[in-house]
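The following paragraphs lead through the fold of one protein chain, beginning with its contacts and ending with two of its sheets. Please keep the structure in view while reading.

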Amino acid sequence: MAQLASITLASSGSLNLSYASPNTASIGNLWYDNSDNRIKYSYYGSAWSAGGAMITARSQLAGAGEQNAGLAFGGDTGNLAWSCTEEYDGTSWTAGGAMIIARRQLGGAGTQNAGLAFGGQITPSFTRVSCTEEYNDTSWASGGALSTVRYSLAGAGTQNAGLAFGGRLGSPSFTLQSCTEEYDGSSWSSGGALITARRQLAGAGTQNAGLAFSGCSPAGAVSCTEEYNGSLWSVGGALINGRFNLGGTGTQTLALAFGGTPALLYTEEYNIGSQIKTL
C-alpha cells in the first residue's frame with residue numbers, strides 16, 4: 001500500500017511519481033493503494049466491527065457496562081433460562097459469577113463492577129419474577145424487589161440510581177406495562193409512567209436523563225421514543241425502523257439502537273441537537 005507523495009516532470013516530458021507509506025489513521029488523508037489499484041481516503045465516521053464470541057450462545061439476555069468493560073447475564077436457549085454471567089474486556093469474554101436466579105427477558109443496568117439485574121421470567125414454569133440482583137465483579141447478591149412483577153422490560157442508569165420501565169405481566173394476563181421504577185441501591189420506588197405502554201423495548205441514559213425507544217404494542221412494533229427527566233416522560237424523535245427485542249446503549253442525547261425484530265441488521269443513532277435535513 002502506498003500514498004502518492006510527489007509528481008515531477010522529467011526532461012523527457014514524462015511524469016515521475018514517488019510514493020510513501022500512507023498515514024491511514026489521519027482524518028482526511030487521500031492515497032492510492034497499489035496493492036489493489038484503488039484510491040482510498042480516511043474520514044471521521046462510525047462502523048460496527050466483529051468482537052470476541054460469547055462463551056454461551058443465548059438470546060433474551062441483559063447487559064451493562066461499556067465496550068471495553070462489558071457485562072452479559074441471564075438469557076435463554078431453547079426455552080431454558082441461564083444464570084451465567086460473562087465479562088468482556090474489549091477483546092474476549094470470560095466467565096463471571098452465576099446469577100442467583102436463572103432467568104430470561106430481564107432488565108439490566110450499571111457497569112461491569114457494579115451491575116444490576118431485575119425482573120424477568122424463569123423456566124420451565126414461565127413464571128415472572130420481581131427480584132433484583134447486584135453484581136460486584138465477582139458474585140451476585142440480592143437487592144430490593146421490583147414493585148411491579150414483570151418481564152420484557154428495559155433498564156438504564158447505575159446500580160445505585162437505576163431505572164426500570166415498560167414490560168408486561170405474565171399469564172393469565174399479558175397486560176403491557178407503562179410504569180417506571182427508580183432504584184436507590186436498596187429499594188425501588190414509583191416514577192412517571194411511560195406515554196406508550198410496551199414490551200421488548202430498549203433503554204439508555206441515566207435515572208434523571210433516561211431514554212426509552214421502540215418495542216412492541218398489541219398492534220406490533222412501534223417506533224416511538226420517550227425522554228425521561230427524573231419524574232416525567234416526554235415525546236422524542238421516532239426511530240426510522242420500528243422494532244422490538246432490540247439492543248440499546250448510550251446517553252439520552254447520544255444513543256444507539258441496534259438489531260431487533262424485524263429490523264435485525266439496522267443500527268440507528270439518536271442525537272438531540274442541531275439536525276440537517278435534505279429537501
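In the protein chain, 42% of the contacts with a separation of 6 or more join residues 24 or more positions apart. The model examined here is a predicted one. Its protein chain contains zero helices and 29 strands. Of the 279 residues, 43% are buried, that is, they have under 20% relative accessible area. The chain exposes about 14400 Å², and carbon and sulfur atoms supply 54% of this area.

Attention may now turn to individual sheets. One open sheet consists of four strands in the order β11-β12-β15-β16, paired in the antiparallel sense. Its edges are formed by β11 (107-110) and β16 (140-142); each has a single partner strand, and therefore one side of each is left without a neighbour in the sheet. Direction ignored, neighbouring strands of this sheet are turned by 25 degrees against each other on average. Within the sheet, β11 runs antiparallel to β12 (residues 115-118), to which four bridges join it. In this pairing, Gly107 lies opposite Phe118 of β12.

A further open sheet comprises three strands, ordered β27-β28-β29, and its pairing is antiparallel. Here β27 (247-250) and β29 (267-271) occupy the edges; because each has a single partner strand, one side of each is left without a neighbour in the sheet. From one strand to the next, the twist averages 20 degrees. Four bridges connect β27 with β28 (residues 254-258) in the antiparallel sense. Gly247 is placed opposite Phe258 in β28.

Conventions. Residues numbered from 1 in each chain as written. Predicted model: local features only at pLDDT ≥ 70, side-chain atom pairs only at ≥ 80, totals over all residues. Heavy atoms only, no water. Pairing = 2+ DSSP bridges. Helix = DSSP H or I, 4+ residues; strand = E, 2+ residues; numbered from the N terminus. Axes fitted to C-alpha atoms, helices over the stretch in contact; angles between N-to-C directions. Buried < 20%, exposed > 50% of the residue type's maximum accessible area, 1.4 Å probe, protein only. Contact = heavy atoms within 4.5 Å. Areas by Shrake-Rupley, 256 points an atom, 1.4 Å probe, with all protein chains shown as cover.
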